[in-house]
Amino acid sequence: MQVAPSLLAADFLRLEKDVEMLNAASDIIHLDIMDGTFVPNLSFGFSVVEAVAKKASVPMDAHFMVVNPENWVKRCSELGIAMMSFHMEAAGRKTRKILRDIRSHGMKAGLAINPDVPVEKLFPLIGEADYFLIMSVFAGFGGQKFIYQSLDRVAALKAKLAARNDAALIEVDGGVSEENAAALQEAGADILVAGSSVFRSPSPAKVIASLRNPR
Ligand code: DX5
Ligand code: ZN
């Protein structure tokens with residue numbers, strides 16, 4: 001599996017050090033962008049993304065928890081974002097169009113859903129996305145408890161992707177830790193996002209390594 005630590009849990013007073021640590025230890029850097037409308041919280045915007053982009057040598061994955069994610073596609077591609085995801089609940093009927101727009105800007109297109117959206121809702125979009133982001137907590141805050149039913153959702157999506165012979169990856173985000181990484185791998189997760197479990201540890205690089213290879 002690949003590991004994508006979420007910078008939301010980093011120490012913003014020493015962001016440079018944390019990005020350097022991630023460059024050495026992680027596969028991807030996950031950036032959580034919240035607008036206070038789609039989710040009841042604000043995180044950071046492009047000034048932070050731009051600063052991180054100057055230092056990041058591993059691919060950046062921007063997770064948009066915002067209304068109107070289409071507004072930010074061009075800006076992301078200009079900043080060198082490799083992967084851009086947004087929520088189906090926010091995009092509604094615009095979902096397919098936005099996925100295509102992200103791809104046409106040369107980025108990997110990701111489609112995210114919260115835990116209360118039936119995973120079957122993703123099935124008609126198979127073929128349009130490079131990865132699916134299954135939230136294992138409700139989007140909005142770091143440090144929440146992993147919802148174990150997410151494992152079944154990952155497995156159901158994995159089976160559908162296999163049946164369709166589709167190469168899209170499954171990313172899981174929220175409450176991911178060394179306690180559930182093995183089960184996530186078993187269920188079919190390809191990318192693990194982890195905030196608190198990485199940054200609250202005295203040895204973040206070790207946690208990243210053990211999430212990558214949980215057995
Ligand atoms: C939640 C964010 C997550 C969050 C993960 O809305 O999308 O990426 O930062 O943090 P932890 O791992 O602490 O749940
Ligand atoms: Zn996220």
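This note goes through a predicted model point by point, from the overall fold to the metal site, the ligand and some single residues.

1. **Overall fold.** The protein chain carries nine helices and eight strands. Its radius of gyration is 16 Å, close to the 17 Å that the globule rule gives for 215 residues, so the chain is as compact as a globular protein of that length. Along the principal axes, the C-alpha atoms fill a box of roughly 40 × 40 × 30 Å. Of the 215 residues, 53% are buried.

2. **Zinc donors.** Four residues supply the protein donors of the zinc ion (ligand 2). The two histidines bind through different atoms: H30 uses NE2 and H63 uses ND1. D32 and D173 each contribute OD. The distances run from 2.0 to 2.3 Å.

3. **Zinc geometry.** The site of the zinc ion (ligand 2) is octahedral, with six donor atoms. The angles among these donor atoms range from 69 to 168°. For reference, six ideal octahedral donors give angles of 90 or 180 degrees. Opposite donors must be over 155 degrees apart for the octahedral label, and all others between 65 and 115.

4. **Donor spacing.** Along the chain, the donors of the zinc ion (ligand 2) follow the pattern H-x1-D-x30-H-x109-D. One pair among them links distant parts of the chain: D32 sits in strand β2 (residues 29-34) and H63 in strand β3 (residues 60-65). These two are 31 residues apart. Are D32 and H63 buried or exposed? Both are buried.

5. **Ligand 1 surroundings.** There are 20 residues around ligand 1. Which of them come nearest? They are D32, G140, D173, G195 and S196. D32 is thus listed here and also among the zinc donors. The same holds for D173, listed around ligand 1 and as a zinc donor.

6. **Ligand 1 polar contacts.** Check these distances by eye. A polar side-chain atom of S196 lies 2.4 Å from an oxygen atom of ligand 1. For D173, a polar side-chain atom is 2.7 Å from a ligand 1 oxygen. G140 takes part through its backbone, with a polar atom 2.7 Å from an oxygen of ligand 1. Taken alone, ligand 1 exposes 380 Å², and the protein buries 98% of that.

7. **Positive phi at N68.** N68 is not a glycine, yet its phi is positive, near 55°. The residue lies in the loop between β3 and α3 (73-78). N68 is partly exposed, at a relative accessible area of 32%.

8. **Positive phi at N165.** N165 is also a residue other than glycine, with a positive phi of about 60°. Its loop runs between α6 (150-163) and β7 (169-173). N165 counts as exposed, at 73% relative accessibility.

9. **P204.** This proline belongs to helix α9 (residues 204-212). P204 is buried, because its relative accessible area is 17% and the cut-off for buried is under 20%. Its C-alpha atom is 10 Å from that of A194, which is 10 residues away along the chain.

10. **H87.** Strand β4 (residues 83-87) holds H87. The relative accessible area of H87 is 0%, so this residue is buried. How far apart are the C-alpha atoms of H87 and I147? They are separated by 18 Å, with the two positions 60 residues apart along the chain as the sequence offset.

Technical notes. Residues numbered from 1 in each chain as written. Chains lettered and ligands numbered in written order. Predicted model: local features only at pLDDT ≥ 70, side-chain atom pairs only at ≥ 80, totals over all residues. Heavy atoms only, no water. Donors = N, O, S within 2.8 Å, 3.2 Å for Na, K, Ca; no water. Tetrahedral: all angles 85-135°; square planar, octahedral: opposite > 155°, others 65-115°. Helix = DSSP H or I, 4+ residues; strand = E, 2+ residues; numbered from the N terminus. Buried < 20%, exposed > 50% of the residue type's maximum accessible area, 1.4 Å probe, protein only. Near = heavy atom within 4 Å. Polar contact = N/O pair within 3.5 Å; in protein donor to acceptor, adjacent residues only side chain to side chain. Areas by Shrake-Rupley, 256 points an atom, 1.4 Å probe, with all protein chains shown as cover. Rg over C-alpha atoms; globule rule 2.2 N^0.38 Å.
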